[in-house]
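Please load the model in your viewer and keep the selection panel at hand. The stops below are best taken in order.

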Amino acid sequence: MASAHAMGALMLEVAPAYLSDTDAADILALLCGQIGEDLDHGLAARRYALTGDRRALHDTVL
């Protein structure tokens, strides 16, 4: 869970919490491509960092 939270914190630095998932996806697509991370996993980690709810990571392998 610590790595998922760290990934989520990185995603939040690039796409702050006030952005919707759709707007965040537009911004995070480039970052995820550069670090070799799947965009869906990046968005899930972002949601986990926002909420602290592990269900955000359901069906996600980080």
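Select Met7, Leu10, Met11 and Val14 in α1, then add Ile27, Leu28, Leu31, Cys32 and Ile35 in α2: across this interface of the predicted model, the two groups meet. The residues of this contact divide into 9 nonpolar, no polar and no charged.

Next, display the helix axes. Those of α1 and α2 are 10 Å apart, and the two helices pack at an angle of about 135°. That value makes α1 oblique to α2. The crossing in which α1 passes α2 is right-handed.

Keep α1 on screen and bring in α3. Which residues of α1 meet α3? On the α1 side, select Ala4, His5, Met7, Gly8, Ala9, Met11 and Leu12; on the α3 side, select Gly42, Ala45, Arg46, Tyr48, Ala49 and Leu50. Colouring by residue class divides the residues of this contact into 9 nonpolar, 3 polar and 1 charged.

How far apart are the axes of α1 and α3? Their separation is 7 Å, and the packing angle is about 95°. The helix α1 is therefore roughly perpendicular to α3, since angles of 65 to 115 degrees count as such.

Now hide the helix ribbons and show side chains for the largest nonpolar core. Select Met7, Met11, Ala15, Leu19, Ala24, Ala25, Leu28, Leu31, Cys32, Leu43 and Ala45, which together form this core of 11 residues. Three helices, α1 (2–14), α2 (21–35) and α3 (39–51), each supply at least two of its residues. The largest share, 5 residues, comes from α2.

A second core, separate from the one above, has 5 residues; select Ala4, Tyr48, Ala56 and Leu57, which are among them.

Return to methionine 7 and centre the view on its side chain. What does methionine 7 touch beyond its neighbours within four places in sequence? Its contacts of this kind are Ile35, Glu37 and Ala45.

For the last stop, move to the segment after α3 and select histidine 58, which is found there. Is histidine 58 buried or exposed? Its relative accessible area is 60%, so histidine 58 is exposed, the cut-off for that class being over 50%. Finally, add alanine 44 to the selection and draw a C-alpha to C-alpha distance from histidine 58. The two residues are 14 residues apart in sequence, and their C-alpha atoms lie 8.5 Å apart in space.

Terms used: Residues numbered from 1 in each chain as written. Predicted model: local features only at pLDDT ≥ 70, side-chain atom pairs only at ≥ 80, totals over all residues. Heavy atoms only, no water. Core = buried A, V, L, I, M, F, W, Y, C linked by side-chain atoms within 4.5 Å. Buried < 20%, exposed > 50% of the residue type's maximum accessible area, 1.4 Å probe, protein only. Helix = DSSP H or I, 4+ residues; strand = E, 2+ residues; numbered from the N terminus. Contact = heavy atoms within 4.5 Å. Axes fitted to C-alpha atoms, helices over the stretch in contact; angles between N-to-C directions. Parallel < 35°, antiparallel > 145°, perpendicular 65-115°, else oblique. Nonpolar A, V, L, I, M, F, W, Y, C, P; charged D, E, K, R; others polar. Left-handed = near helix turned anticlockwise from the far one by under 90°.
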